[in-house]
Amino acid sequence: MNTNSVKLFSIDIQSLTKKEVLEKITFYIDNPGKMRHVASLNPENLMVASSDEEFRLILQSANIRLNDGVGVVFGAKLKGMNKVYKYTGVDFMEDVLAHVAVGRLRVLFLGGRGKLAEKLADCYS
């Protein structure tokens, strides 16, 4: 079975190349007014989503769902997905920050515990 879409733990897996993801981000930047949500899917997130309906809905509602790790890519291929591209959250952040720096846009970090957002901002400034 070859398919262009599959579900892992009730989450639709997207098959977007890095170029396609960055084109979508550019479109979102050029067309503001609506919040956009990017989720980085890894095996741990998918396992949590399998038992936490609210978290599953948050992941599923993301405009872009990145396949962050070989486990997600392998699982999607096992389920028959034709082409699955890995694009980690770290690589995505670095690419987006480089992209927005050209346009001198601001980036807001929302972080969890222990001043995580501040530490991230320091890494990228």
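Tutor: Buried means under 20% relative accessible area, exposed over 50%, and partly exposed in between, with a 1.4 Å probe and protein chains only. This is a predicted model, where local features need pLDDT of at least 70, side-chain atom pairs count only at pLDDT 80 or more, and totals for chains, interfaces and linings use all residues. Residues are numbered from 1 along each chain as its sequence is written, and side-chain values use heavy atoms, leaving out hydrogens and water.

Student: Okay, why is D12 called partly exposed?

Tutor: D12 has a relative accessible area of 26%. Partly exposed lies between the 20% and 50% limits, so D12 gets that label.

Student: And what makes K7 and D12 a salt bridge?

Tutor: The rule asks for a side-chain nitrogen of Lys or Arg within 4 Å of a carboxyl oxygen of Asp or Glu. In K7 and D12 the closest N and O atoms are 2.9 Å apart, so the pair passes. K7 is partly exposed too, at 43%. By this rule the count comes to 4 salt bridges.

Student: How do you know that K19 and E23 are separated by about one helical turn?

Tutor: They sit 4 residues apart in helix α1. Helices here are DSSP runs (H or I, at least four residues), strands are E runs of at least two, and both are numbered from the N terminus. An α-helix has 3.6 residues a turn, so residues three or four places apart point the same way. The K19 and E23 side chains meet in a salt bridge at 3.3 Å, N to O. K19 counts as exposed at 59%, while E23 is partly exposed at 43%.

Student: What about R56 and E53, which is buried and which partly exposed?

Tutor: R56 is at 17% relative accessibility, so R56 counts as buried. E53, at 46%, is partly exposed. Their salt bridge has its closest N and O atoms 2.7 Å apart, and the two are 3 residues apart in helix α3.

Student: Back to α1: how do you know that its buried residues are on the same side?

Tutor: The buried residues of α1 are V21, I25 and Y28. They cover an arc of only 60° around the axis, which puts them on the same side of α1; the arc is that of the directions from the helix axis to the C-beta atoms. The face turned away from that side carries the exposed residues K19 and D30.

Student: Last one: why is L78 called exposed?

Tutor: L78 has a relative accessible area of 62%, and exposed starts over 50%, so the label fits. L78 lies in helix α4.
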